[in-house]
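Got your viewer open? Load the model and follow along, one selection at a time.

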Amino acid sequence: MTRALSTPDADRAAAFAADARSDGLAVSLVGECATEFEGRAERSLSAGVRSVLCKPDDTVLVHGATGRDPDAWATGGSVAVEANQGTLELRCGDGDAADALTVQFDAVHHAAAFDPADADAEVSGTESDLKERVLANPDLVEPGFQPRSTERETPAGPVDVYGRGRDGAVVVVELKARRVGPSAASQLERYVNALRRDLHADADVRGVLVAPEITEKTRRLLAENGLSFSLVE
């Protein structure tokens, strides 16, 4: 699974990174950025073009144009990627982490996401497997659900499964093959809002998150935004 964006603005880059990390992918960002590091030593890197790799285990590496080793790195703390007044900020580290790294992008030239797993390994229980299950048994989403297409494009990105409910409403389905947090709820909300804007004004659009497990905060966010959760092992 590989995704890429060229010259995204800060909001789009932040959403791209959050969605990719929610899917368990590694994220690579290349652009104009400055770095602040606190931990084993305090160090600042002035603005310049760098490559930042954020791995699924929350390790973050910052590479310059030369050298084998990263110019800065951090691991062991939570990672957050957010847009703030036209800039993109990536933070690694929290109160319990020995190291804290902040990377602020003034411009992102390229964003990519990929599955770092060994391509030769046999993998089961993936989102592709989950999609096949849903297409074969649509009632796993909700009784009477009728899938119409997969990977339907929206202004917010591709929807995993697009269909209609028994009541005729448009149903957006986001699939996750592992336990997920609040970013999955935010991702689904963006898709639902994008389709509401894209379709005619009185269109009824619902969103359903399908996963084996979600956090309590995710469950609350779904409920607050009128979205649903369907448990599928």
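A residue counts as buried when its relative accessible area is under 20%. Keep in mind that this is a predicted model. Now select lysine 176: with a relative accessible area of 0%, it is buried.

Next, add aspartate 23, which is buried too, at 12%. The two side chains meet in a salt bridge, 2.1 Å from N to O. Lysine 176 sits in the loop between strand 11 (170-175) and helix 3, while aspartate 23 is in the loop between helix 1 and strand 2, so 153 residues of chain lie between these distant parts.

Stay with the charged pairs and pick glutamate 213 and arginine 179. Their closest N and O atoms are 3.2 Å apart, making a salt bridge. Because glutamate 213 is in the loop between strand 12 (205-211) and helix 4 (216-224) and arginine 179 in the loop between strand 11 and helix 3, the pair ties together parts 34 residues apart in sequence.

Now go to helix 4 and select arginine 219 and glutamate 216, three residues apart, about one turn of the helix. Their side chains form a salt bridge at 3.8 Å, N to O. Salt bridges with shared partners also join Arg3, Asp23, Glu174 and Lys176 into one network.

Move on to helix 1, residues 10-22, which spans 18 Å from first C-alpha to last. Its buried residues include Phe16 and Asp19, and the elements covering its buried residues include strand 1 (2-6) and helix 3 (182-198).

Last stop: glutamate 233, exposed at 70% relative accessibility. Beyond its neighbours within four places in sequence, glutamate 233 contacts Arg133 and Pro212.

Methods
Residues are numbered from 1 along each chain as its sequence is written. This is a predicted model: local features need pLDDT of at least 70, side-chain atom pairs count only at pLDDT 80 or more; totals for chains, interfaces and linings use all residues. Side-chain values use heavy atoms; hydrogens and water are left out. Buried means under 20% relative accessible area, exposed over 50%, partly exposed in between (1.4 Å probe, protein chains only). Contact means heavy atoms within 4.5 Å. Helices (H or I, at least four residues) and strands (E, at least two) are DSSP runs, numbered from the N terminus. The expected span of a helix is 1.5 Å times one less than its number of residues. A salt bridge is a side-chain nitrogen of Lys or Arg within 4 Å of a carboxyl oxygen of Asp or Glu.
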